[in-house]
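Student: Hey, got a minute to go through a model with me? I'd like to talk about how its parts fit together.
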Amino acid sequence: MARTTDGSGTPVPQRLLAAATRLFAENGYDRTSVQEIVEAAGVTKGALYHYFGSKEDLLQEVYARVLRLQQERLDAFADADAPVERRLRDAAADVVVTTIENLDDASIFFRSMHHLSPEKNKQVRVERRRYHERFRALIEEGQAAGVFSTATPADLVVDYHFGSVHHLSTWYRPDGPLTPQQVADHLADLLLRALRP
């Protein structure tokens with residue numbers, strides 16, 4: 001079991017990530033100090049450096065944890081025993097819902113990714129590419145089966161959908177007129193309509 005220092009039962013790494021996420025969202029990555037993060041998490045700088053090598057590592061993990069969740073879910077949808085249209089629609093809707101559920105993480109990352117070192121930026125791009133390639137494989141499967149149109153290259157279809165997903169943090173508001181699932185359904189339906197033969 002992970003160690004805790006305040007008796008809350010929440011492991012130190014999760015407390016650090018929660019504090020960093022909140023502070024990065026409120027103040028920006030570059031205007032948040034390590035001291036502010038450890039004070040908000042109720043730990044020492046030594047604890048932060050035990051679990052994360054740097055503030056930059058925290059930034060990378062903010063995004064990586066969402067991407068890991070989305071990759072696991074995409075893999076499950078892609079491997080399901082269902083028609084490709086259903087698997088793609090479910091995957092397309094799910095990435096919207098999980099992005100909205102983790103909107104602070106996504107917006108922090110896209111606002112601050114330029115702060116990552118070239119090596120860390122490359123690691124993130126490799127993981128994102130792996131996700132996009134799995135998503136694209138579903139489109140290509142449907143195109144090869146004649147279920148989806150081949151008029152638009154699969155790469156462009158992926159870019160179209162994920163452009164919408166990555167833009168969510170600029171306009172979606174939890175108190176707005178649409179629930180996360182309604183937004184997800186609309187965007188997934190738009191994707192499938194664009195792929196109709």
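Tutor: Sure, let's go through the domains and the interface between them. This is a predicted model, where local features need pLDDT of at least 70, side-chain atom pairs count only at pLDDT 80 or more, and totals for chains, interfaces and linings use all residues. Residues are numbered from 1 along each chain as its sequence is written, and side-chain values use heavy atoms, with hydrogens and water left out.

Student: Ok, how is the chain divided?
Tutor: Into domain 1 (12-51) and domain 2 (55-195), with bounds from an automatic or database domain assignment. Their C-alpha centres are 27 Å apart. Domain 1 puts 12 residues into the contact and domain 2 puts in 13, contact being heavy atoms within 4.5 Å.

Student: What area is buried between domain 1 and domain 2?
Tutor: About 1200 Å², with 71% of that from carbon and sulfur atoms. Buried area here is the accessible area (1.4 Å probe) that two parts lose on being put together, summed over both.

Student: Which residues in domain 1 lose the most?
Tutor: Leu17, Thr21 and Tyr29, which together account for 54% of what the domain 1 side buries.

Student: Switching topic, how many salt bridges between domain 1 and domain 2?
Tutor: The count is 0, using a side-chain nitrogen of Lys or Arg within 4 Å of a carboxyl oxygen of Asp or Glu.

Student: And which helices supply the domain 1 side?
Tutor: α1 (12-27) and α2 (34-41) each supply at least two residues of the side touching domain 2, and α1 gives the most, with 6 residues. Helices are DSSP runs (H or I, at least four residues), numbered from the N terminus.
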